[in-house]
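Please open the model in your viewer and keep the selection panel at hand. The tour below proceeds from one selection to the next and states what is to be found at each stop.

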Amino acid sequence: MRPNKYKEPRKHSGELRTAVTFYEYEDNPGPYPGESEKRTLFECWAAVDQVWLRDMEQAKANGTLSDLTITIRDPGADYRPMNKHYVQVHEPEYEHLRYNIRTAQPNLKDRRFIDIVAEVVTG
């Protein structure tokens, strides 16, 4: 019989070290294409993961090499990430990039967190 041992959660609050901001964008007024920032929806700390090395070949085949997995603490009713929102990662390597939220779902192993998959917006 296996002994019952406590397993530490995979993520914990100490790993949320990167500032992120969630935005809502709207189309530019007039005949010119493009979008402009409408308003800031939510700001928080997050754990940001890139594509893992073991998944690199699959990511190349899918065209998802620049996607990020962002883990945030569940804000409850204050904010719900949706696929119409954008996220900005406040790190020097990512500051010039804007990411569109592809999916947002609760972390099934630890309900205190939400996992968000975001893809880079081109152009």
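**Salt bridges**

A search of the whole structure, which is a predicted model, finds four salt bridges. Three of these are visited here, beginning with R80 and D74.

Select R80 together with D74 and display both side chains. They meet in a salt bridge, with an N to O distance of 3.2 Å. R80 is partly exposed, since its relative accessible area is 45% and the partly exposed class runs between 20% and 50%. D74 also counts as partly exposed, at 30% relative accessibility.

Next, select E119 and R102. The side chains of these two residues form a salt bridge at 3.7 Å, N to O. The pair links distant parts of the chain, for E119 is in strand β6 and R102 is in strand β5, 17 residues apart. What is the relative accessibility of E119? The value is 30%, so E119 counts as partly exposed. R102, at 35% relative accessibility, is likewise partly exposed.

Now select R112 and D110. The closest N and O atoms of this salt bridge are 2.7 Å apart. Is D110 buried or exposed? D110 is buried, because its relative accessible area of 13% falls under the 20% limit. R112, by contrast, is partly exposed, with a relative accessible area of 39%. Side chains of opposite charge can pair when their charged atoms come close.

**The loop before strand β6**

Keep R112 selected and display the backbone around it. R112 lies in the loop between β5, which covers residues 99-106, and β6. Add P75 to the selection: R112 and P75 are separated by 37 residues in sequence, yet their C-alpha atoms are 8.8 Å apart in space. The side chain of R112 also makes a polar contact with the side chain of D110, at 2.7 Å.

**Strand β6 and D115**

Proceed to D115, which is found in strand β6, residues 113-120. Which residues does D115 contact, leaving aside its neighbours within four places in sequence? They are I70, T71, T103, A104, Q105 and N107. Of these contacts, display N107 with its side chain: the side chain of D115 makes a polar contact with the side chain of N107, at 3.5 Å. Then select V48 and measure from D115, C-alpha to C-alpha. The two residues are 67 residues apart in sequence and 9.9 Å apart in space.

**Strand β1: T18 and E24**

Move to strand β1, which spans residues 18-27, and select T18 within it. T18 is buried, because its relative accessible area is 13%, under the 20% limit. To see what surrounds T18, set aside its neighbours within four places in sequence; the contacts are then C44, W45, A46, V48, V89 and E91. V48 appears in this list, and V48 was also the partner in the distance taken from D115.

Remaining in strand β1, select E24. Is E24 buried or exposed? E24 counts as buried, because its relative accessibility is 18%. Display R39 as well: the side chain of E24 makes a polar contact with the side chain of R39, at 2.9 Å.

**The whole chain**

Clear the selection and show the protein chain as a cartoon. The chain has one helix and six strands, and read along the sequence they follow the pattern β-β-α-β-β-β-β. Of the 123 residues in the chain, 30% are buried. Switch to a surface display: the accessible surface comes to about 8,800 Å², and 50% of it belongs to carbon and sulfur atoms. Among contacts between residues at least 6 apart in sequence, 52% join residues at least 24 apart.

**Confidence**

Finally, colour the chain by pLDDT. The average over the protein chain is 82, and 80% of the residues score at least 70. Which element has the lowest mean pLDDT, and which the highest? Helix α1, residues 56-62, has the lowest mean, at 65. Strand β4, residues 86-89, has the highest, at 92.

Terms used. Residues are numbered from 1 along each chain as its sequence is written. Side-chain values use heavy atoms; hydrogens and water are left out. Helices (H or I, at least four residues) and strands (E, at least two) are DSSP runs, numbered from the N terminus. Contact means heavy atoms within 4.5 Å. A polar contact is a pair of N or O atoms within 3.5 Å; within protein, one must be able to donate a hydrogen and the other to accept it, and residues adjacent in sequence count only if both atoms are side-chain atoms. Buried means under 20% relative accessible area, exposed over 50%, partly exposed in between (1.4 Å probe, protein chains only). Accessible areas come from the Shrake-Rupley method with a 1.4 Å probe; for residues, only the protein chains shown count as cover. pLDDT is the predictor's confidence in each residue, from 0 to 100.
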